Amino acid sequence: MAGPKLSGKKLGKTPTKKKQKKEALPPKQVEKEELFSDSEGTDEDFQEKNDDKEVNSDSDMSSDVDDDPFAADILAADDDDDGSDARSDSDVDSDSDGDDTDLVKKSKAIDDEREREEKEGDEELQLNIKEEADDFRLPTAEELEEETHRPPDLSNLQRRIKEIVRVLSNLKSLRQEGATRKDYIDQLKRDLGSYYGYNEFLIDALVELFPPVELIELIEAFEKPRPISLRTNTLKTRRRDLAGVLLNRGVNLDPLSKWSKVGLVVYDSQVPVGATPEYMAGHYMLQSASSFLPVMALAPQENERVIDMAAAPGGKTTYVAALMKNSGIIYANEMKESRLKSLAANLHRMGVTNTIVCNYDGRQLPKVLGQNTADRILLDAPCSGTGVISKDESVKTSKTAPDIQNCSQLQKELILAAIDMVDANSKSGGYIVYSTCSIMVDENEAVIDYALKKRDVKLVPCGLDFGRPGFIRFRQHRFHTSLDKTRRFYPHVHNMDGFFVAKLKKMSNSKSAKSSVQSEEIQGVESIESSDQQNTEGADDKHSEQEGIADENGKLKEEVAVDKKRKRDVQKHSVKKGVGQNSSVTKTGKSENQLVATKKREKKKPPPREEIAKAREEKRQALREATRKAMMKKK
Amino acid sequence: MRPLDEQETTQVFEKLHKFVGNNLKNIVENPSHEGPDNSPGRYCFRLQKNRVYYVSESLVKRATNIKRDNLVSLGTQLGKFTKGGKFHLTVQSLGLLAENAKHKVWLKPTSEMSFLYGNNVLKGGVGRITESISEHDGVVVYSMSDVPLGFGVAAKSTQDCRKMDPNGIVVLHQADIGEYLRMEDDL
């Protein structure tokens with residue numbers, strides 16, 4: 001139509017206008033202008049078209065835009081959208097087309113553009129969702145190396161730790177291709193070590209002790225301090241009275257828990273709890289809740305002789321004295337001279353009068369104080385302190401495998417010394433309580449197991465039922481089954497420091513371990529051995545019969561289990577000692593009798609002669625039946 | 001560890017007499033229930049590293065096999081002998097003294113803390129005071145709730161105390177339980 005002419009006209013007129021307008025218009029409108037830039041015709045027409053297009057389009061464009069075929073040329077140079085540039089160029093090129101087709105094309109272009117944007121937006125959304133819901137990927141070696149060069153990104157570490165724990169909880173479905181459990185755990189160890197500040201050895205040890213979720217709980221609990229608690233000194237006051245006085249002073253406190261009658265927990269205080277006149281008068285002692293436990297397990301009675309082998313600073317010793325009401329005698333020993341002053345001061349402050357304080361290495365105490373002299377002994381052994389990390393953060397980085405081994409060695413020597421000092425025949429006692437503030441198996445269960453093997457002692461219940469039982473087996477260790485009577489305490493479960501308590505009773509003053517310790521554990525071996533003995537006693541020694549005997553023994557064990565075992569024990573011993581069977585029954589050898597007596601924890605008396613004879617008869621009959629059966633089978 | 005000789009014993013008893021007067025008899029002859037023997041024994045005084053201890057016999061018997069260098073403390077500590085040979089009672093004996101004290105002073109709550117910091121007792125801080133205190137008597141200081149806070153020497157007799165101005169010193173400080181926190185190393 002009149003397009004080309006007009007366009008020529010416009011060329012002259014409008015560029016300047018356009019230029020001005022270009023500056024005035026916002027970029028959006030600039031873009032939209034380009035879309036409409038291919039309009040031709042007069043200004044009026046142009047205006048109409050513009051209006052039409054505005055009506056047609058959904059844009060928010062303002063009305064006063066001069067649509068100009070060369071607007072695109074001018075504006076195209078500084079427009080962001082390259083796509084619309086292309087479009088506008090093509091539109092300009094197709095100027096020659098009719099208005100209608102251009103309109104259609106334009107509207108199509110707008111629609112297309114919108115669709116494209118929507119699609120891109122959706123794709124991006126999908127991509128984002130996909131990234132988050134994607135399986136957690138372990139960082140590759142390059143990424144790890146990169147991380148070591150950068151400063152540690154704590155939030156990233158935290159996120160990764162959580163992800164790994166999540167994956168480990170459901171490894172089958174959530175694991176990455178080609179990644180083993182070990183990879184995940186190794187990465188977790190590294191992250192935990194760098195996020196919380198642990199050294200490799202300690203993190204390895206903790207990972208072995210706990211499953212991942214509990215491990216995180218424990219480590220978090222170690223970051224926070226445990227509540228302050230104090231113990232009422234029953235020699236000078238009562239808990240009720242003390243609580244009243246302290247509340248008046250502005251201390252916010254509560255009874256500790258239902259298992260303690262003397263404990264109080266302090267939430268907050270207006271005055272320093274360690275400097276009140278009541279503290280100075282010895283009415284209470286600042287002591288962590290876990291330190292109550294070994295003394296409660298020890299349960300000292302009045303008029304007893306008690307030894308505390310590692311007494312400083314004296315919290316437990318003063319508790320023992322309070323329970324004994326200042327009767328009897330306590331030997332409080334402490335090896336380090338620097339801690340002796342605080343021990344003596346605490347004892348005097350709390351009004352303890354029945355204590356002798358001495359300064360020896362605990363391993364030498366038996367020589368000084370004598371063997372078999374004490375009724376009860378409390379050994380709160382020096383340890384690596386891995387249970388009290390919330391009090392002392394340096395443990396996180398300073399403990400290594402040799403430290404633990406040294407501690408373990410010392411603890412084993414100390415516990416033997418303690419056992420030697422206890423009098424097994426004491427009327428009211430004969431107990432040793434061993435406790436540490438550590439959660440390592442090497443310092444706890446391993447030491448008790450060692451003591452069980454070396455001396456004639458047995459584990460008894462501590463009386464602290466709210467703790468977790470100790471380990472019976474751990475990695476390659478297999479401990480005595482009675483070790484489940486020991487108790488472990490954790491910060492994330494019991495809200496007190498990590499602790500371990502075990503109570504031993506000394507069965508006899510001999511320095512050898514009793515044999516039934518082994519007999520209970522290794523019952524299979526025993527039956528074979530006893531069958532050997534029976535063979536030597538005059539039975540046939542055909543292989544089949546041996547097996548038959550073993551089988552019969554197995555069955556008989558079930559029937560008359562305890563009797564058989566007793567008999568076999570007795571027989572084993574008699575054979576070993578080369579003495580006739582009768583002597584085991586008669587009470588000639590006290591040690592033998594004791595051994596026999598100690599073996600049968602449930603039974604009080606050794607089996608009388610008639611019972612043994614009866615048992616023997618039954619066995620012989622069983623033998624005969626077995627042979628008969630074998631003969632029948634052969635036939 | 002050795003028993004006190006004559007001179008030392010007189011010194012100790014003199015000091016104690018200032019505080020407990022006739023009750024000294026009780027202190028010396030008190031039957032003790034410490035020790036694992038069922039029958040009560042007697043108390044005795046022992047000297048170890050210039051410190052005097054008040055211990056029951058059964059404890060003493062059992063402490064004899066501990067070497068001198070390794071024995072730190074026995075029973076209750078009464079006081080120390082200085083290098084010059086003088087005897088001073090220390091705060092650890094407060095329990096014993098408080099039980100048997102003849103002369104007592106009760107402090108008002110406001111002046112408790114001042115005494116616990118080692119200051120002397122002023123008249124303004126005195127809540128109650130026993131009669132018949134004469135000058136240079138040993139006095140045990142209590143709080144109003146009957147908690148023993150320490151002991152000292154009376155600066156004036158009770159009569160004179162009444163006439164004194166409020167800032168006058170009533171009891172000269174010798175030992176107080178605040179020493180457990182302030183001077184733990186020197187005890």
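This passage describes strand β15 of chain A and its pairing partners, followed by the cysteines, in a predicted model.

Strand β15(A), which spans residues 499–506, is mostly covered, with eight of its eight residues buried. In a regular strand, side chains point alternately to one face of the sheet and to the other. In β15(A) both faces are covered, since A:Phe499, A:Val501, A:Lys503 and A:Lys505 are buried on one side, while A:Phe500, A:Ala502, A:Leu504 and A:Lys506 are buried on the other.

The pairing of β15(A) involves, among others, strand β9 of chain A (residues 431–436), which runs antiparallel to β15(A) and is joined to it by six bridges; within this pairing, A:Tyr434 stands opposite A:Ala502. Strand β10 of chain A (residues 457–460) is likewise antiparallel to β15(A), with four bridges between the two strands, and here A:Val457 stands opposite A:Lys506. Three bridges connect β15(A) to strand β14 of chain A (residues 487–489), again in antiparallel orientation, and A:Arg487 has A:Val501 as its bridge partner in β15(A).

A search of the whole structure for disulfides returned zero over all chains. For A:Cys383, the closest cysteine sulfur is that of A:Cys437, and because the two sulfurs are 3.1 Å apart, they are too far from each other for a bond, the cut-off for a disulfide being within 2.5 Å. A:Cys437 accordingly takes part in no disulfide, its nearest cysteine sulfur being that of A:Cys383. With a relative accessibility of 19%, A:Cys383 counts as buried, because the term applies to residues under 20%.

Key. Residues numbered from 1 in each chain as written. Chains lettered and ligands numbered in written order. Predicted model: local features only at pLDDT ≥ 70, side-chain atom pairs only at ≥ 80, totals over all residues. Heavy atoms only, no water. Buried < 20%, exposed > 50% of the residue type's maximum accessible area, 1.4 Å probe, protein only. Pairing = 2+ DSSP bridges.
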